[in-house]
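User: I'd like to learn how to read a structure like this one, feature by feature. Could you walk me through it?

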Amino acid sequence: MNRTPSSAAPAREHGDAVQGPGSGSTLSNGLKQRHLSMIALGGVIGAGLFVGSREGIAAAGPSIVLAYAVSGALVMLIMRMLGEMAAANPASGSFSVHAERSIGSWAGFTVGWMFTALLCVAVAAEALGAADVMLQWFPGTEPWMWVLLFMVIFTGTNLTAVSNFGEFEFWFAALKVAAIGIFLVLGLLAIFGVLPGTHAPGTSHLTGDGGFLPKGVDGLMVGLLASVFAYGGLETVTIAAAESKDPVRGVAGAVRTAMWRIALFYVGSMAIIVTVIPWSAPSIAKSGPYVAVLDYLKIPAAGQIMNVVILIALLSAVNANLYGSSRMAYSLISRGQGPAFLGKVSGGVPRRAVLLCAAFGFFAVLLSFLWPDTLFQWLLNMVGAAVLVVWGFIATAQLRMRRTLEREAPEKLVVKMWAFPVLTWVALAGIVAVLLLMLRDENQRIQLLFTGGFGVVLAVVGLVRQQSLGKGAGPAKK
């Protein structure tokens, strides 16, 4: 990686969505380097890892390790590309701004509002998940009570100084990192037979319960799809970097550590789970893979410990998704791609954008109570494959922006994509391959069609706006 001294770091460019329209106020730079470091570190440890890995293991068996490794490699390429663009041009709108500059106004509009919708729906889903955990401890309560409590707390957090969001995420991430770290240490001790009451399993569970590919290549493909969506949310760190004192350093550090974080937390923990216990153990389906391993190792109160960790992961996601969606919405609005009155900044915070995203999230929660199998399911389907759309725009934007930077401002290439343009094309091919895999599965196919329809609607609206404003069909002029 090539780096320049921070004194030579590129400044936020004019029109980066840091200025409120007509407000005379800008987003603050209250996030510290330790906040960014921990947001990057903890962002990779989400509820998808703790909860969603159960389905992946059931589908792929021991080959889930390979599935997470392959999807992790794709995510690392996406993050590297995003890091290159974010370091060159820090912006609160991140990839939406990059897409607008490199592809056209319509592209920034499409990917920005799709990502905002994805995070708002995710706020609802994570809040509902956190409420389910609380109901296990307080069975006489109602889920809406907990959802309301969490929404009020984290809306309040995001309405105040951005440093408060940073502090919440710092400690949430620290607890998640500590929990997964302890799990990895205990798992390794068990694998080597060092932990009292355990014996070294060798490769017996990797090859002895139907083989490494117990359900064949089809099972591996299903596990691959499950693992891809577990990585969603890593993009938030590049949004947050725009509100730090040294965004280039923050992005560069996050991208540099992406490889070992993914390998350690995702691939490492999957390897430990399917090595310590049989992939087909009923306890995995009943309690989840992490609880199943801790119970096997006779760790006291394993289920309750993991419930606390899962709750922390879910609340962290609510907090981060509210933050990410509000900043993306603010960026779009400040670029004239949304209602101007929502773009006011006060105290360095786009409070109206925060309230908009919180209201949308709570509206989605209401839909889940009133029409769980119709409207709420449609909403989930509309954003089901949105992360792939986002990744596709990131790769396309980087492919075009890199050429421009090399020609016009090579000093801004503080972070460089590996083996450009070969690996950018490899990433695009990987995204297409995942989309084709989704077409093979009926449930995934429905999500893909809904997301595709939503994306087409946004693209058409964006193109109509672009033409009406006379911006042409090409990338934004600087």
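User: Let's start with a loop: in which loop does K298 lie?

Analyst: Happy to help, and please keep in mind that this is a predicted model. K298 is in the loop that runs between α14 and α15. Its backbone is worth a look, since K298 has a positive phi of about 60 degrees although it is not a glycine.

User: Is K298 buried or exposed?

Analyst: The idea is to compare relative accessibility with a cut-off, and exposed means over 50%. K298 has 69% relative accessibility, so it counts as exposed.

User: How many residues of the helix before that loop, α14, are buried?

Analyst: Here you count the residues that fall under 20% relative accessible area. Helix α14 covers residues 289-296, and six of its eight residues are buried, leaving the helix mostly covered. The buried ones are P289, Y290, V291, A292, V293 and L294. K298, with its positive phi, comes just after α14.

User: Why can α4 be called largely enclosed by the rest of the structure?

Analyst: Use the count again. In helix α4 (residues 95-102), eight of the eight residues are buried, so the rest of the structure largely encloses this helix. The buried set includes H98, E100 and R101 as well as F95 and V97. To see what does the covering, look for the packing partners: the buried residues of α4 pack against α3 (64-88), α5, α15 (302-334) and α18 (386-408). Just after α4, G104 takes a positive phi of about 155 degrees.

User: And what about the core: which residues have the most contacts inside the largest one?

Analyst: A nonpolar core is read as a connected network of buried side chains. The largest one here has 152 residues, and those with the most contacts inside it are F50, I64, M270, Y290, W391 and I394. Helix α5 (residues 105-137) gives the most to this core, namely 19 residues. You have met Y290 already, as one of the buried residues of α14.

User: Which residues is M270 in contact with?

Analyst: Set aside the neighbours within four places in sequence, and you find L49, S53, I57, I64, V65, Y68 and Y290 in contact with M270.

User: Now helix pairs. At what angle do α17 and α20 pack?

Analyst: Two numbers describe a pair: the angle and the distance between axes. Helix α17 (residues 375-382) and helix α20 (residues 442-468) pack at about 75 degrees, and their axes are 7 Å apart. An angle from 65 to 115 degrees counts as roughly perpendicular, and that makes α17 roughly perpendicular to α20. On the α17 side are W378, N381 and M382, which meet I446, Q447, F450, T451 and F454 in α20. By class, five of the residues in this contact are nonpolar, three are polar and none is charged.

User: W378, N381 and M382 are spaced out along α17. Why would residues three or four places apart point the same way?

Analyst: An α-helix has 3.6 residues a turn, so a step of three or four places brings you back to the same side.

User: How are α15 and α16 oriented to each other?

Analyst: α15 packs against helix α16 (residues 351-370) at about 125 degrees, with 8 Å between the axes. These helices are therefore oblique to each other, and their crossing is right-handed. The contact is made by L322, S325, S326, R327, A329 and Y330 of α15 together with A353, V354, C357 and A358 of α16. Those residues divide into seven nonpolar, two polar and one charged.

User: What is the handedness of the crossing of α9 and α19?

Analyst: α9 passes α19 in a left-handed crossing. Helix α9 (residues 216-230) and helix α19 (residues 422-440) have axes 10 Å apart and pack at an angle of about 120 degrees. Among the contact residues are D218 and M221 of α9, and L437 and R440 of α19. This contact has eight nonpolar, no polar and two charged residues.

User: One last feature: which residues does a cis peptide bond join?

Analyst: Look at omega: the bond between F420 and P421 is cis, with omega about 0 degrees. P421 lies in the loop between α18 and α19. A419 is found in the loop between α18 and α19, and A419 has a positive phi of about 45 degrees although it is not a glycine.

Technical notes
Residues numbered from 1 in each chain as written. Predicted model: local features only at pLDDT ≥ 70, side-chain atom pairs only at ≥ 80, totals over all residues. Heavy atoms only, no water. Core = buried A, V, L, I, M, F, W, Y, C linked by side-chain atoms within 4.5 Å. Buried < 20%, exposed > 50% of the residue type's maximum accessible area, 1.4 Å probe, protein only. Helix = DSSP H or I, 4+ residues; strand = E, 2+ residues; numbered from the N terminus. Contact = heavy atoms within 4.5 Å. Axes fitted to C-alpha atoms, helices over the stretch in contact; angles between N-to-C directions. Parallel < 35°, antiparallel > 145°, perpendicular 65-115°, else oblique. Nonpolar A, V, L, I, M, F, W, Y, C, P; charged D, E, K, R; others polar. Left-handed = near helix turned anticlockwise from the far one by under 90°.
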